[in-house]
Number of protein chains: 2
Amino acid sequence: MSTDAPTPTGPTVRRTATTLADGRDLFYFDDSEPYVSGQATRRLDDPRPLPGRYDPIVTTGPDGAETTQPVTGPTMRYDVLTGEWVPHAAHRMNRTHLPPADANPLAPARPGAAYSDGEIPAEDYDVVVFENRFPSLMRVPGTTDEVTHLDGEELWQVRPAVGRCEVICFSPDSTQSLSTVGTRRMRTIIEAWADRTSELSAVEGIEQVFCFENRGQEIGVTLHHPHGQIYAYPYLTPKTEVMLRQARAHRERTGRNLLRDVLDAELRAGRRVVLESEHWVAYVPAAARWPIEIHLAPRRDVADLPALTDEERADLADVYLDLLGRMDRFFPPAEDGTPTRAPYIAAWHQAPVGEGRDDLRLHLQLFSILRAPGKLKYLAGSESGMGAWISDTTPERIADRLVQLGAGTEES
Amino acid sequence: MSTDAPTPTGPTVRRTATTLADGRDLFYFDDSEPYVSGQATRRLDDPRPLPGRYDPIVTTGPDGAETTQPVTGPTMRYDVLTGEWVPHAAHRMNRTHLPPADANPLAPARPGAAYSDGEIPAEDYDVVVFENRFPSLMRVPGTTDEVTHLDGEELWQVRPAVGRCEVICFSPDSTQSLSTVGTRRMRTIIEAWADRTSELSAVEGIEQVFCFENRGQEIGVTLHHPHGQIYAYPYLTPKTEVMLRQARAHRERTGRNLLRDVLDAELRAGRRVVLESEHWVAYVPAAARWPIEIHLAPRRDVADLPALTDEERADLADVYLDLLGRMDRFFPPAEDGTPTRAPYIAAWHQAPVGEGRDDLRLHLQLFSILRAPGKLKYLAGSESGMGAWISDTTPERIADRLVQLGAGTEES
């Protein structure tokens with residue numbers, strides 16, 4: 001285990017890099033004096049007796065004999081029908097010391113406890129990022145990126161899924177949600193996203209970095225602690241591939257950037273613009289497919305989060321919280337007053353690491369699968385079978401509701 | 001309302017075409033003497049006082065004044081970021097006479113009742129197909145297919161969504177599922193699918209016909225009556241587009257058909273073959289992405305269901321029921337013995353109507369989102385945001401389980 005010297009990132013955030021007991025990276029991003037996790041007096045080391053994540057797996061048989069197997073990373077196969085890589089995450093890993101089922105692995109360590117069931121050794125933190133313990137994308141040291149062929153068939157390419165999966169905790173407080181962390185903490189989260197994007201973009205084999213949040217049990221989130229994820233893919237995702245293809249065709253035809261032209265057209269039309277700030281514009285896209293869908297784009301042409309200026313980041317913190325607040329209030333509360341917070345997926349589209357830096361443009365796609373309280377949009381035959389989305393509403397209706405919520409009123 | 005003379009389809013099926021009170025088409029496919037719905041002594045006419053589906057909508061205001069508005073069909077917008085058409089189904093329709101919420105609109109009419117709450121006027125049927133009352137794809141007579149531009153912006157193309165949505169009832173008995181209807185009824189359903197595919201393929205503006213079934217409330221199915229759907233799209237779906245692109249690239253490179261080569265490779269490898277019959281082969285594809293996934297392909301190169309021979313159809317009836325049975329038994333029953341029937345989507349991929357007839361090849365993609373009893377695979381950030389699937393299992397594990405179930409045992 002090692003602890004780097006804290007290094008400043010941005011105006012108010014202190015970054016402290018360390019490693020967990022099994023060798024995974026962990027990064028604290030502290031925004032308040034005294035920098036809680038960066039203090040030498042606080043415990044940083046992970047006290048758990050975890051085996052190294054790349055150590056061979058030793059199992060003892062019924063006869064007491066030990067067998068040793070190497071850890072293997074996830075692999076991915078090329079789906080020749082669609083041209084997509086599909087990681088299969090059923091790899092062999094050291095899975096001893098699983099936390100109890102009712103534990104919150106994202107909470108800070110209990111003060112004074114000699115031992116932690118969670119993933120975070122520090123007894124307090126502001127924002128923390130660490131490698132997922134059971135990642136679907138991972139490079140086991142010594143893995144080559146060589147393509148092999150399943151069953152000796154030329155059609156079926158297989159490669160190690162050498163990406164990386166990280167978890168980001170937005171707050172030490174399990175009762176918060178990202179919409180309630182406040183501007184200062186949001187600003188720190190943006191620093192953390194930008195930092196991770198820069199660092200992961202430089203990792204060998206990574207083609208794309210994706211910062212996202214799944215919020216709500218309706219989309220399968222089981223941990224209520226406010227957190228998001230960062231995936232570094234060793235391939236271009238299908239959505240990015242298709243957007244790149246569209247952007248290139250548009251540039252060939254017009255000489256212009258597609259996402260810039262879309263933003264300009266939304267501003268000209270005005271009909272679906274949800275909010276405008278000095279540096280950002282949020283709108284419901286003209287062909288929105290989800291029951292709620294918002295795109296948030298910077299006014300300036302920017303490829304990814306690290307390319308944002310301090311002013312753009314500060315502005316983004318306010319705008320992002322504003323939009324998440326509207327998500328929280330989109331549906332009227334239940335009869336007993338309980339808020340109906342829309343579950344959502346917040347997906348940061350960034351330009352890929354290599355090609356296409358000029359064709360894709362940073363933007364957030366924030367969307368919900370909730371059509372009405374208790375009513376989900378299911379991705380059934382048309383969507384899951386044919387990729388053909390059908391919307392039950394119109395982009396203009398969604399925009400009207402979101403604009404109405406700007407005043408903070410909760411009328412429906 | 002009109003009733004065509006019954007016409008024979010296939011060796012044992014009698015097809016009777018009629019229309020519902022609001023003008024929608026309905027087709028009975030009867031397979032047993034006396035052909036229950038084709039008999040003149042049985043009621044075929046729909047007794048409901050439905051307004052014509054294309055009649056102007058008359059509303060009475062608070063002052064008693066009537067206003068008349070034309071019915072408008074659904075429109076679709078071109079999503080310039082992805083190149084996909086997205087129908088927005090929030091069109092104006094005549095929605096008087098809604099059935100009670102607890103009614104089963106797919107049940108046969110109650111014998112002797114003067115009036116039906118359901119969609120099917122006959123007091124009995126074998127298999128019936130009718131136009132969906134609230135379709136997301138529909139041609140309102142007089143609609144042109146002209147492309148217009150939203151907000152006057154060249155980027156945002158809009159077109160009428162002039163397709164068609166049909167419902168197919170697999171049995172008059174609400175307690176059945178498709179897996180339990182028996183070989184003879186399954187054969188009739190195949191006739192119905194083939195008939196609808198032929199007829200809808202000839203409709204102006206239709207580019208692709210999709211027969212599918214969503215089974216299970218986990219994917220949003222609210223009606224338990226065994227039924228499926230048939231969509232006729234006025235565009236190539238994204239999945240078909242991408243498969244066509246892959247198939248064409250493969251043909252340019254090798255001179256061969258991609259789906260034929262995939263089938264041959266699966267047969268050579270043998271590792272993921274689930275079953276083989278005289279005319280059909282079922283396998284778990286090498287890059288399966290769903291927790292359960294089976295592809296079923298004919299041995300002969302066939303573009304769509306209408307192109308199947310009688311022998312291939314008869315064989316398909318047996319094979320299809322066998323596969324659905326394995327889906328039903330894939331997970332062990334609950335402790336109290338209740339079966340854990342896997343929810344599934346059954347998606348028939350057929351060659352498009354126009355281009356690509358030689359490149360795409362008929363096959364079924366049958367898949368489930370259930371990872372384990374009570375555990376769904378959610379389509380969250382990576383899947384819904386980036387289109388990047390990640391599987392928690394391996395194709396070989398899925399195949400092993402499906403092969404094991406072939407003997408009808410329920411061991412896990």
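**Briefing: a four-stranded sheet, a two-fold pair and Asn132(A)**

In chain A, four strands form an open sheet in the order S7-S6-S10-S9, and their pairing is antiparallel. Strand S7 (84-88) and strand S9 (148-149) of chain A stand at the edges with a single partner strand each, so one side of each has no neighbour in the sheet. The model is a predicted one, and the points below take up the sheet, the relation between the copies and one loop residue.

**Pairing within the sheet**
- Strand S6 (residues 75-79) of chain A pairs with strand S10 (residues 157-160) of chain A in the antiparallel sense, over three bridges.
- Within chain A, Thr75(A) has Pro160(A) of S10(A) standing opposite.

**Relation between the copies**
- A turn of 180 degrees, with a shift of 0.0 Å along the axis, lays chain B on chain A with an RMSD of 0.0 Å, and the two copies are therefore related as by a two-fold rotation axis.
- Leu379(B) has the C-alpha nearest the axis in chain B, at 4.3 Å from it.
- Of the interface residues of chain B, 100% are also interface residues in chain A, so the copies meet through the same surface.

**Asn132(A) and its surroundings**
- Asn132(A) is placed in the loop between strand S8 (127-131) and S9 of chain A, and because its relative accessibility is 19%, under the 20% cut-off, Asn132(A) counts as buried.
- A polar atom of the Asn132(A) side chain lies 2.9 Å from the backbone nitrogen of Phe134(A).
- Leaving aside residues up to four places away in sequence, Asn132(A) touches Arg24(A), Arg53(A), Cys165(A), Glu166(A), Val167(A) and Gln229(A).

Definitions and conventions
Residues are numbered from 1 along each chain as its sequence is written. Chains are lettered from A and ligands numbered from 1 in the order in which they are written. This is a predicted model: local features need pLDDT of at least 70, side-chain atom pairs count only at pLDDT 80 or more; totals for chains, interfaces and linings use all residues. Side-chain values use heavy atoms; hydrogens and water are left out. Two strands pair if DSSP finds at least two bridges between them. Copies are superposed by least squares on the C-alpha atoms of residues with pLDDT of at least 70 in both. Contact means heavy atoms within 4.5 Å. Buried means under 20% relative accessible area, exposed over 50%, partly exposed in between (1.4 Å probe, protein chains only). A polar contact is a pair of N or O atoms within 3.5 Å; within protein, one must be able to donate a hydrogen and the other to accept it, and residues adjacent in sequence count only if both atoms are side-chain atoms.
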